[in-house]
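Reader: I should be grateful for a close look at one part of this protein, namely the surroundings of its ligand. Please place that part within the fold as a whole.

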Amino acid sequence: MKEGSIRTVVVVGAGIMGRGIALASARAGFKTSVIEPNSAVIESARGEIDKILDRAREKNEIDEAGARAARYNLTWSGSYDAATGADLAIEAVPESVAIKSEVYQNLAPRLTREGVIATNTSSLSITELAATSDRPARFLGMHFFNPVHRMRLVELVRGLETGDPALGIGEEAAKAMGKETVVVKESPGFVTSRINVLIGNEAFTMLEAGVASARDIDKALKLGLNHPMGPFELVDLVGLDTRLSILEYLHRTLGDKYRPSPLLIQYVNAGRLGRKVGRGVYEYPS
Ligand SMILES: NC(=O)c1ccc[n+]([C@@H]2O[C@H](COP(=O)([O-])OP(=O)(O)OC[C@H]3O[C@@H](n4cnc5c(N)ncnc54)[C@H](O)[C@@H]3O)[C@@H](O)[C@H]2O)c1
């Protein structure tokens, strides 16, 4: 399969990320099938996509024909048969090697021999995941960001056996979706998470030492360093438990620099997990 030849994309999983990737793919003009076993998730994904398209129409970011074409390009299914013949499969199922590798087993007999598999994993080893598929050379990481329709970057992650043609297909797809790309050799946390968790961890260390209040640390990074969000606002959005598990993984794989701040651990133990539970570093009264 050469560049310029992507016609059909299958997205596996329609959760937070899968639905956003599916919309980006449909807007890029690819015939896009979404495979999701949970019909309630399909309903919520369709509703959210409708809202995003309606808002984009109101803001004139897309015209009526574009919105209609995006809806037309999207089909939803609970069956892997929807993957038959797809040029590119983008997997966005939960962060578990066992679950992801089962997806690849289901895709294997349905994709063409040339078809490429991309995983949206945020931390797992691309090489390890690729080895559980039938096509390690045609396998790469495509790390999208949340919310997909707003965030401009895709990290293209190269595993040990990822071939240049597969990387080219990933790049072509991302560009057609209007994204910028960076190419990253597989390593824990890629570029973005690896730097971001260090900033967030340092913020907790400073808060614990009483260097400044949480609000002032956030304000300092926003107004002094031009970060769009403060580190505590961001961790409340991501989830303190999610952040802790990434730090623990990087601590195990990259060393002591990534040792989670004791204050972060305390917050997680106290159940202060962020916006999703109504309180994290800040309180979010409902
Ligand atoms: N949430 C984020 O901000 C974010 C950002 C970047 C990358 N990621 C990565 O993206 C992936 C998905 O994360 P998410 O936050 O969208 O998760 P999520 O839990 O919101 O969605 C996962 C979906 O996969 C479905 N699913 C489970 N098993 C399946 C199967 N066998 N076949 C098809 N669908 C199946 C689930 O029903 C669920 O709807 C993970 O690897 C995660 O690390 C997440």
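How many residues surround the ligand, and which are the closest?

Author: The model discussed here is a predicted one. In it, the ligand is surrounded by 24 residues, and the closest are Gly-13, Gly-15, Met-17, Ser-122 and Asn-146. Two elements, helix H1 (16–27) and helix H4 (97–107), are those that give two or more residues to this shell. By residue class, the shell divides into 13 nonpolar, 8 polar and 3 charged residues.

The strands E6, E7 and E8 may be described next. Strand E6 (residues 139–143) pairs with strand E7 (residues 153–158) in the antiparallel sense, over 3 bridges; within this pairing, His-143 has Glu-155 of E7 as its bridge partner. Strand E7 also pairs with strand E8 (residues 180–185), here in the parallel sense and over 6 bridges. Leu-156 stands opposite Val-183 of E8. Between E7 and E8 the chain passes through helix H6 (residues 164–176), and this β-α-β crossover is right-handed.

As for the whole, the protein has 11 helices and 8 strands. Its radius of gyration is 20 Å, close to the 19 Å that the globule rule gives for 286 residues, and the protein is therefore as compact as a globular protein of that length. Along the principal axes, the C-alpha atoms fill a box of roughly 60 × 45 × 35 Å. Of the 286 residues, 41% are buried. Among contacts with a separation of 6 or more, 66% join residues 24 or more positions apart.

Methods: Residues are numbered from 1 along each chain as its sequence is written. This is a predicted model: local features need pLDDT of at least 70, side-chain atom pairs count only at pLDDT 80 or more; totals for chains, interfaces and linings use all residues. Two strands pair if DSSP finds at least two bridges between them. Helices (H or I, at least four residues) and strands (E, at least two) are DSSP runs, numbered from the N terminus. A crossover is right-handed if, with the strands pointing away from the viewer, the path from the first strand over the helix to the second runs clockwise. A residue is near a molecule or strand if its C-beta atom, placed from the backbone, lies within 6 Å of it. Ala, Val, Leu, Ile, Met, Phe, Trp, Tyr, Cys and Pro count as nonpolar, Asp, Glu, Lys and Arg as charged, and the others, Gly among them, as polar. The radius of gyration is taken over C-alpha atoms; the globule rule is 2.2 Å times the number of residues to the power 0.38. A residue is buried if 20 or more other C-beta atoms lie within 10 Å of its own, exposed if 12 or fewer, and partly exposed in between; C-beta atoms are placed from the backbone. Two residues are in contact if their C-beta atoms, placed from the backbone, lie within 7 Å.
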